[in-house]
Amino acid sequence: MNSNPPAQAYQFDLKHAVTKNRFVGFWRMMTGFRWLYFGAIATLGLASLFSMLSFLLIRYFVDEALQQPDLHNVLPYVALGFVGLALLQGAFSFFSGRLTAQTAEGVALRLRNYMFDHIQHLTFTYHDKMQTGELIQRCTSDVDTIRRFFSEQAIGVGRIIILFVINFGALLSLHVGLALVSILVLPPIIIASLFFFRRVSKAWEAYQEQDAKLSTTLQENLSGVRVVKAFARQEYERNKFEGDNYEKFRRGRNFMLMHSGFWPITDIICGAQILGGYTLAAFLVMDGTITIGTYLAYAGLLMNIINPIRNLGRLIVHMSTGLVSFDRVSEIMREAREPLTEGQHQPTGGLRGEVVFSNVSFEYEPDTPVLENISFTVKPGQTVALLGSTGSGKTSVVSLLPRFYDYKSGSITIDGVELRDYPRKYLRGQIGVVEQEPFLFSRTIRENITYGVGREVSDDEVIAAAQAAAVHDVIMTFPDGYNTLVGERGVTLSGGQKQRVVLARTLLKDPRILILDDATSSVDAETEDSIRGALLRLMQGRTSFVIAHRIQTVMHADLILVFDKGHIVQRGTHDELLAQGGMYRRVYELQSRIEDELEKEIASVGLPL
Ligand code: TTP
Ligand code: MG
């Protein structure tokens, strides 16, 4: 069932397909598939040729064969001719269909792969802004519309031109005047379709936008289903969804109405053409200008030429959807990728881990500073603790180190080299981050622990890491141990368990610089104590950044930085800061008092400690 995908699908760079002229863009997307495309058109041309010949054979049969005295001698050949032509037509139609499918599906396959790869390389800033539902919509529905463009419209253009040329040629050979009259229909159809083209484009764009909005709502409500339930907001969410959904219905209906307004117009024009043609030809037969055989052949050929003309209108209108989707997809493709390997400084060994911030300022949005003039120095192997109220910029400081974001001014150096000179890929290999909100993939626990280690890992190593992160015993209670699936189809882990799985992952990665962003926030005090040993071992010999709210967690750090509104307001060791007074001491005293009172309370109730 699952055949190996062609290697080129992953390696092809579609960046050059993003151009102003969308048709040029489509042409470039077809690189590597153009021969298939032309093959599809050529076979289609042959199929049409055989269809046209069968009408000429009718004329021969009626006008000449029927008049011959030895009809029974000719008849088998004529019959054979009809059967042969029909078989040839069928065979070439079949090949054409196959080649068309290969072209369209191939282009779409490559485009989807490219988009997936591209989106993973876009910057954090881009992902912060772009809605997930919108991205999903563009990678699925819009790519599919482009696929349809290739399977229907791109092939359709070739098909229409060929059908037109072949059948018009045949009509001319029958009777020049009749032939010319038969294509009177062309200008009104083209005018009508151009008239609808812009309207349908707009309607389709509006529809796709609303569709994306609905995907976003759905996706958000699915991931936030707990919040919805916790606040009993189902009704509100339902109404909101119904509103959005109705708008999609309205826009979809509008789009279809536009289509259905267009079809009858073309059908009427074409019907009038057929009627006129047949009537005129009938008069010519009565005149004796043309024979009955010619009339019959004309009747068939006229249908053969009217159909492509009618389809031309539909095709022009349909094409507008492909063009809109092309724009939506190229909007993503146009976004610059985050260069992973750019940067001239790439030491062969690991980093030592000396980190110096001097006067660093940073903002996510222009003119809303998040960090201002941050300066501090960390020696290799030291531990820095970052403390401060929520929103004070702690996560922002540490996300500058792996170059998730670029700082605005000042300088950050690691081992004396400016951060911007290190390739991002190298830095990210050297820095281990335990994020504030741990994320696990819907894969096995083992896969989650070994994620991104970049080498074969033995079972013993995985178990050792899990033990150090105090999660091994939990994993062993699951039915399949380390092979248990996490997420929808498997076990659901608690926040603390997830955090410890991520800790185990980071232990295995063995980074030179370690960032623990509130890594023990979802862990109770007792478990925190049990993994403190693991954390201390993990931090040994590495430069570590620890963000925490409990002073107990950070009091042994070599340097404690207290943040407030994007500034460092206090710095020093635990003892120095206590002596200084200020925010640190206030927080320390508050936390100690709470813990003391809690202990007393528990003791008075008689609970075992
Ligand atoms: P953070 O650096 O995330 O604050 P924090 O880590 O100190 O807070 P917490 O203890 O709750 O984890 O945010 C600092 C400011 O930057 C805050 O005002 C929110 C803003 N911000 C953005 O504008 N965009 C972002 O992507 C993030 C992460 C924060
Ligand atoms: Mg934070």
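**Exercise 1. Work out how accessible Gln 436 is, and what this residue and Thr 395 bind.**

Step 1. In this predicted model, Gln 436 has a relative accessible area of 34% and is therefore partly exposed. The scale runs from buried (under 20% relative accessible area) through partly exposed to exposed (over 50%), using a 1.4 Å probe and protein chains only.

Step 2. Now look at Thr 395: its relative accessible area is 34%, which makes it partly exposed.

Step 3. OG1 of Thr 395 and OE1 of Gln 436 coordinate the magnesium ion (ligand 2) at 1.9 to 2.4 Å. Donors are N, O and S atoms within 2.8 Å of the metal (3.2 Å for Na, K and Ca); water is not among the atoms, so sites may look incomplete.

Step 4. Place the two residues. Thr 395 sits in helix H12 (residues 394-400), while Gln 436 belongs to the loop between E6 and helix H14 (445-449), so the pair ties together parts 41 residues apart in sequence. Helices (H or I, at least four residues) and strands (E, at least two) are DSSP runs, numbered from the N terminus.

A note on conventions: residues are numbered from 1 along each chain as its sequence is written, chains are lettered from A and ligands numbered from 1 in the order written. Local features need pLDDT of at least 70, side-chain atom pairs count only at pLDDT 80 or more, totals for chains, interfaces and linings use all residues, and side-chain values use heavy atoms, with hydrogens and water left out.

**Exercise 2. Describe the surroundings of ligand 1.**

Step 1. Count the neighbours: 13 residues surround ligand 1, and the closest are Thr 390, Gly 391, Thr 395, Ser 396 and Gln 436. To be near, a residue needs a heavy atom within 4 Å.

Step 2. Find polar contacts, which here are pairs of N or O atoms within 3.5 Å; within protein, one must be able to donate a hydrogen and the other to accept it, and residues adjacent in sequence count only if both atoms are side-chain atoms. From its side chain, Thr 395 places an N or O atom 2.6 Å from an oxygen atom of ligand 1. Lys 394 has a polar side-chain atom 2.8 Å from a ligand 1 oxygen. Ser 392 uses a backbone N or O atom, 3.2 Å from an oxygen of ligand 1.

**Exercise 3. Trace the open sheet of six strands and find its edges.**

Step 1. The order is E6-E7-E8-E3-E9-E10, with mixed pairing. Strands count as paired if DSSP finds at least two bridges between them.

Step 2. E6 (431-434) and E10 (567-572) each have a single partner strand, so one side of each lacks a neighbour in the sheet.

Step 3. Check the directions. E7 and E8 are parallel over five bridges, with Leu 516 partnering Val 546 of E8. E3 and E8 are also parallel, joined by four bridges, and Leu 386 partners Ile 547 of E8. E9 (residues 559-564) and E10 run antiparallel, with five bridges; Leu 561 partners Arg 571 of E10.

**Exercise 4. Decide whether strand E8 is enclosed or open.**

Step 1. Five of the five residues of E8 (residues 543-547) are buried, so the strand is largely enclosed by the rest of the structure.

Step 2. Sort them by face. Thr 543, Phe 545 and Ile 547 are buried on one side, and Ser 544 and Val 546 are buried on the other. In a regular strand, side chains alternate between the two faces of the sheet.
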